[in-house]
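Work through the exercises below with the sequence and the structure open beside you. Try each task before you read its solution.

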Amino acid sequence: MKGGIVAITRPPTDALARCELTHLKRQPIDIAAARAQHRAYEACLAGLGAEVVSLPGEPDLPDAVFVEDTAVVLDEIAVLARPGAASRQPEVDTMGRVLARYRRLCRIEPPGTLDGGDVLRVGATLYVGQTSRTNDAGITQLADLVRPLGYEVRPVSVTGCLHLKSACTHVGDGLVLVNGNWIDVRAFREVELLDLPASEPAAANCFLVGATVVMAAGFPETADLLRSRVRRVVTVELSELRKAEAGGSCMSLIFEGSHTESADGG
């Protein structure tokens, strides 16, 4: 067995210019700058103690840099997702071969769709966004897979953004940073909600590496708000990647990396 924090990443390629877009108008992306920002992102994760597992780029898959959407990794299993955008479904199999080193694999099957960016874990509760990428069949399948392991799935209506985690993220100790204008917050009954500054509605997508909150640069009010509540906040520049609807969490799969020799390809 091998422990420690693992962060799986995949670099952007020239294909990023053809990425899926839902809520943003297409803008030219400086691919060289996007690659540099991604390298700095990986360096940040490594600097915080994560073992960064950088997979080869996928020049035929424009959104493959957004690895979070391919799986939901829990302590006991990894659930291979079935992205709601058909162009993204080929990303899953290569991720499955990597995750099989660490977890027993399960899989969302048709007609279910599920994007990992729609799943927010807080303790034993999985909040799952009802979005254009994640349907009711996918949510039901996820609930059936995780219920025997002691997890509860709670659907959350999402109206103002691409994924649930575009509007809320767990920043530690049961505290959830949230934009309540984009999601229905009534599902969050047992957690404390920290409202985003109204001037920075897109700042919610932070993520934890150990006890450190990592967030995109350019949201100073949110950074100050978080620093008033959590021990450490670091920022990374993601300006070019955000043109592709990137958030901080979507470019990595982060989990405690206990290897298991009994994991299989499910």
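**Exercise 1.** How many residues line the second largest pocket, and which of them lie nearest its centre?

*Solution.* Keep in mind from the start that this is a predicted model. Begin by counting the lining, which for the second largest pocket comes to 31 residues. Then look towards the middle of this pocket, where Leu162, Ser166, Glu245, Ala246 and Gly247 lie nearest the centre. Next, sort the lining by class, which gives 13 nonpolar, nine polar and nine charged residues. Finally, add the volume: about 560 Å³ of space lies in this pocket.

**Exercise 2.** Describe the lining of the largest pocket, from its centre outwards to the elements that contribute to it.

*Solution.* First, note that the largest pocket holds about 770 Å³ of space. Its lining is made of 28 residues, and those nearest the centre are Val73, Arg121, Leu208, Ile254 and Phe255. Then turn to the elements: two or more lining residues come from each of E3, strand E6 (119-122), strand E9 (168-170), strand E12 (207-209) and E15. As a last step, divide the lining by class into 15 nonpolar, seven polar and six charged residues.

**Exercise 3.** Which residues of helix H2 are buried?

*Solution.* Take as buried any residue with under 20% relative accessible area. Going along helix H2 (residues 91-99), you should find that seven of its nine residues are buried, namely Glu91, Val92, Thr94, Met95, Gly96, Val98 and Leu99. Now ask what covers them: the cover includes strand E1 (5-9), strand E3 (71-73), strand E4 (77-80), strand E5 (104-107) and strand E15 (253-256).

Technical notes
Residues numbered from 1 in each chain as written. Predicted model: local features only at pLDDT ≥ 70, side-chain atom pairs only at ≥ 80, totals over all residues. Heavy atoms only, no water. Buried < 20%, exposed > 50% of the residue type's maximum accessible area, 1.4 Å probe, protein only. Helix = DSSP H or I, 4+ residues; strand = E, 2+ residues; numbered from the N terminus. Contact = heavy atoms within 4.5 Å. 1 Å grid on protein atoms, 1.4 Å probe; cavity = no way out; pocket = protein on both sides within 12 Å on 5 of 7 lines; lining within 4 Å. Points joined across faces, edges and corners; volume = space filled by probe spheres on them. Nonpolar A, V, L, I, M, F, W, Y, C, P; charged D, E, K, R; others polar.
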